[in-house]
Amino acid sequence: MKDVRDAQMVARNSDGKLVRRPLSPHVQVYRWPLSMALSITHRVTGVGLGIGTLLLTLWLLTAATSEGGFERFQYFLGSAVGLFLLFCWTLALVFHLLTGIRHLWMDTGNGFEAKQYQNSAVAVLVGTAALTVLIWVIGLINWYW
Amino acid sequence: MSDLSNPPHIDMLRSPLGRARGLGSARAGSKHWWSQRLTSIALVPLTLWFIWSILRLTNASQADVVDWMSSPVRMALMLALIFATFQHLQLGLQVVIEDYVPQEGIKLAAVLAVKALCILLALICAICTLILGLSS
């Protein structure tokens, strides 16, 4: 049987003539307002953080099972590749956390005025940059001392 | 856009109402949404706590991690973080899969695989937390 969603794309116009319903435009025709970019990035970072949970799992697993394995994993995290992964992970986590708080706030029905919508989006970006830098400054100081 | 070789025609006689009638409401629809919000609220303080803790463990040896985890409060927070994270993750990935995978069979298989993986990873993390916390 034909997919019902396809079948329902045919309807009658006011003259009673059968016509295909117009499709609403999709992402490619829109300007990219900041909020839209943030919303999409929120989803992408969510999936990325899902892959990042493997990092947490490996950290706990090596710590709980073998001293040598833990040392090796810590050594890997301190390598260039490890630091790069950790940096991406921090950036994604802080971004997802802040956009998540923004979404929770909007879930209560607030923040939909054009100005608030724009300002909260900018605040998320500024906050992400500031928090990520702060975390890495503290982290690197702790690491070297 | 008009396609002359395939003019618009009706190939379904049931109305949308007739199709939906008798199926009942899904009823569980709000549960997914609500669980996603609850875990996200829980994850705000838990994540901040986790980042703070990890920053203090940057140079830690395995013994330091065991020592750190031996506090019951930290163990409880860690277990809460693990539960909330993987619950939030499997709900989120389910939505992503449902949005982008149109084929029913592949969709179902992917959602089930993601859920199984999340449960397994959560169990591994929780067991490791218990081993670390109870070993000292």
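Let's start with a helix pair: helix 2 and helix 4 (residues 80-107) of chain A pack at an angle of about 130°, with their axes 9 Å apart. Axes here are lines fitted to C-alpha atoms, for helices over the stretch in contact, and angles run from 0 to 180 degrees between N-to-C directions. That angle makes helix 2 of chain A oblique to helix 4 of chain A. The cut-offs: under 35 degrees is roughly parallel, over 145 roughly antiparallel, 65 to 115 roughly perpendicular, and the rest oblique.

The crossing of helix 2 of chain A past helix 4 of chain A is left-handed. Left-handed means that the near helix is turned anticlockwise from the far one by less than a right angle; clockwise would be right-handed.

Who makes the contact? From helix 2 of chain A, the residues include Leu38(A), Thr41(A), His42(A) and Leu55(A). From helix 4 of chain A, they include Leu85(A), Trp89(A), Phe95(A) and His96(A). Contact means C-beta atoms, placed from the backbone, within 7 Å. By class, this contact has 8 nonpolar, 8 polar and no charged residues. For the classes, Ala, Val, Leu, Ile, Met, Phe, Trp, Tyr, Cys and Pro are nonpolar, Asp, Glu, Lys and Arg are charged, and the others, Gly among them, are polar.

Some ground rules. This is a predicted model: local features need pLDDT of at least 70, side-chain atom pairs count only at pLDDT 80 or more, and totals for chains, interfaces and linings use all residues. Residues are numbered from 1 along each chain as its sequence is written, while chains are lettered from A and ligands numbered from 1 in the order in which they are written.

Now chain A as a whole. It has 5 helices and 2 strands. Helices (H or I, at least four residues) and strands (E, at least two) are DSSP runs, numbered from the N terminus. The order from the N terminus is α-β-β-α-α-α-α. The radius of gyration of chain A is 23 Å, where a compact globule of 145 residues would be near 15 Å. That radius is taken over C-alpha atoms, and the globule rule is 2.2 Å times the number of residues to the power 0.38. The C-alpha trace of chain A spans about 80 × 45 × 25 Å along its principal axes.

Burial next. In chain A, 19% of the 145 residues are buried. Buried means 20 or more other C-beta atoms within 10 Å of the residue's own, exposed means 12 or fewer, and partly exposed is in between; C-beta atoms are placed from the backbone. Of the contacts in chain A with a separation of 6 or more, 60% are between residues 24 or more positions apart.

Two residues in chain A. Arg43(A) sits in helix 2 (residues 34-65) of chain A. Arg43(A) is partly exposed, because 16 other C-beta atoms lie within 10 Å. Its C-alpha is 8.3 Å from that of His96(A), 53 residues apart along the chain. Glu67(A) is in helix 3 (residues 67-78) of chain A. Glu67(A) has 13 C-beta neighbours inside 10 Å, so it counts as partly exposed. From Glu67(A) to Val27(A) is 40 residues in sequence and 50 Å in space, C-alpha to C-alpha.

On to chain B. There are 5 helices and 0 strands, in the pattern α-α-α-α-α. The radius of gyration of chain B is 23 Å, against near 14 Å for a compact globule of 136 residues. Its C-alpha atoms fill a box of roughly 75 × 35 × 25 Å along the principal axes. Buried residues are 18% of the 136 in chain B.

One residue here: Val111(B), in helix 5 of chain B. Val111(B) is partly exposed, because 18 other C-beta atoms lie within 10 Å. Leaving out residues up to four places away in sequence, Val111(B) touches Gln94(B) and Ile97(B).

Finally, the two chains together. The contact takes 31 residues from chain B and 32 residues from chain A. On the chain B side, the largest share, 8 residues, comes from helix 2 of chain B. That side divides into 18 nonpolar, 9 polar and 4 charged residues.

One helix pair across the chains. Helix 5 (residues 114-144) of chain A packs with helix 2 of chain B at about 25°, axes 8 Å apart. That angle makes the two helices roughly parallel. Ile135(A), Ile138(A), Gly139(A) and Asn142(A) meet Ile51(B), Leu55(B) and Arg56(B). By class, that contact has 4 nonpolar, 2 polar and 1 charged.

How values were computed: Contact = placed C-beta atoms within 7 Å.
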